[in-house]
Amino acid sequence: MEFCNIILQEEGRIATLYINRPKALNALNEDTLLDIKAAVEYFGGSDELDVLIITGAGEKSFVAGADISFMQDMNAIEARRFGMLGQEVFRLIETVEKPVIAAINGFCLGGGCELAMACDIRICSERAKFGQPEVGLGVTPGFGGTQRLPRIVAPGIAKLLLYTGDIIDAHEAFRIGLVDKVVSSEELMDYVRRLAMKIASRGQVAVRFCKVAVNNGLQTDIDRAMVIEAELFGLCFATEDQKEGMKAFIEKRTADFKGK
Ligand code: CAA
């Protein structure tokens, strides 16, 4: 596939998407968002790929936000359209029925933090910095930040970050639950690849159902959420993976899942 501003690498059943504009600290312009959209659609539709890792090219940055030069002269209609494109692409990441892991290697600001929050799991290096600095530019976050941040961290902490635009380090991000694990910079990609491979070794129908159950369950009341879980749990018993997984346990061997 041809991309302008990203690199998509495939290794076994794992794909790694590098946002690749290091000179602009991987800021997101329209072309970059369209590249991400095409890559996620390809990943979602591929029978060969199970897990997607999203990271930033270069040493310094995951993504330092939406591209300020690109947005500077927009009118209200253009900005609304750009915001909706970012929202659509990040919602695609959130809803694609396969796991997506953010490997956060540096600045994770504004649209970058919003991108990371759309991923299922966030692992960062000790060098990572997080924040929603948009109010310092006279705007609100526009790619889902006002909605996902208070769903991930406590609403008061979300408002603290949104109203001040303060930038926090990796350990503070871990403390408030914005990231799930902090590792050293040298370890980051190895750690995330090992995690992706572990997930890919499990029954993929079940992994994907877990994503659907968590996402859909969080959006509804507990009674309806339990119905969602029961239906997906039941459906697992129509898969070859369930037969193989339970047979392998009884026979004391490693399961050979086919994702069917
Ligand atoms: N958009 C466009 N270009 C950006 C950028 C961004 N978000 N962030 C950094 N860059 C560019 C800089 O303009 C600079 O380019 P030049 O070399 O051509 O001057 C290059 O990347 C390197 O940046 P700095 O020289 O500023 O690097 P630094 O180490 O001194 O500072 C930083 C790093 C603290 C991340 C700083 O670059 C910064 O504050 N960036 C902006 C962060 C931000 O405000 N993000 C939110 C954007 S708005 C948004 O995301 C809205 C939304 O929700 C949709």
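**Notes on the domain contact and strand E3**

1. A good place to begin is the pair Asp120 and Lys211, which form a salt bridge whose closest N and O atoms are 2.9 Å apart. Please keep in mind as you read on that this is a predicted model. Across the interface of domain 1 and domain 2, the rule finds 2 salt bridges.

2. Where do the bounds of domain 1 and domain 2 fall? The domain assignment of the protein puts domain 1 at 6-200 and domain 2 at 204-250. Their contact draws 14 residues from domain 1 and 7 residues from domain 2. Taken over C-alpha atoms, the centres of the two domains are separated by 27 Å.

3. On to the interface itself. The size of an interface is often given as the accessible area lost when the parts come together. Here domain 1 and domain 2 bury about 720 Å² between them, with 45% of that on carbon and sulfur atoms. Which residues of domain 1 lose the most area to domain 2? They are Asp50, Glu97 and Ile199, and together they make up 49% of what the domain 1 side buries.

4. Strand E3, residues 51-56, also deserves a look: 6 of its 6 residues are buried. In a regular strand the side chains alternate between the two faces of the sheet. In E3, Val51, Ile53 and Thr55 point one way, while Leu52, Ile54 and Gly56 point the other way, and all of them are buried.

5. How does E3 pair with its neighbours in the sequence of strands? Strand E2 (residues 14-19) runs parallel to E3 and is joined to it by 6 bridges. Within that pairing, Tyr18 stands opposite Thr55 in E3. Strand E5 (residues 100-104) also runs parallel to E3, and 4 bridges join the two. There, Ile53 stands opposite Ile101 in E5.

6. The link between E2 and E3 is worth tracing in your viewer. Together with helix H1, which covers residues 30-45, these two strands make a right-handed β-α-β unit.

7. Finally, helix H4 (residues 111-118): buried or exposed? Because 8 of its 8 residues are buried, H4 is largely enclosed by the rest of the structure. Glu114 is one of these buried residues, and the others are Gly111, Gly112, Cys113, Leu115, Ala116, Met117 and Ala118.

Definitions and conventions: Residues numbered from 1 in each chain as written. Predicted model: local features only at pLDDT ≥ 70, side-chain atom pairs only at ≥ 80, totals over all residues. Heavy atoms only, no water. Buried < 20%, exposed > 50% of the residue type's maximum accessible area, 1.4 Å probe, protein only. Pairing = 2+ DSSP bridges. Right-handed = clockwise from strand over helix to strand, strands pointing away. Domains from an automatic or database assignment. Contact = heavy atoms within 4.5 Å. Buried area = accessible area lost by both parts, 1.4 Å probe. Salt bridge = Lys/Arg side-chain N within 4 Å of Asp/Glu carboxyl O.
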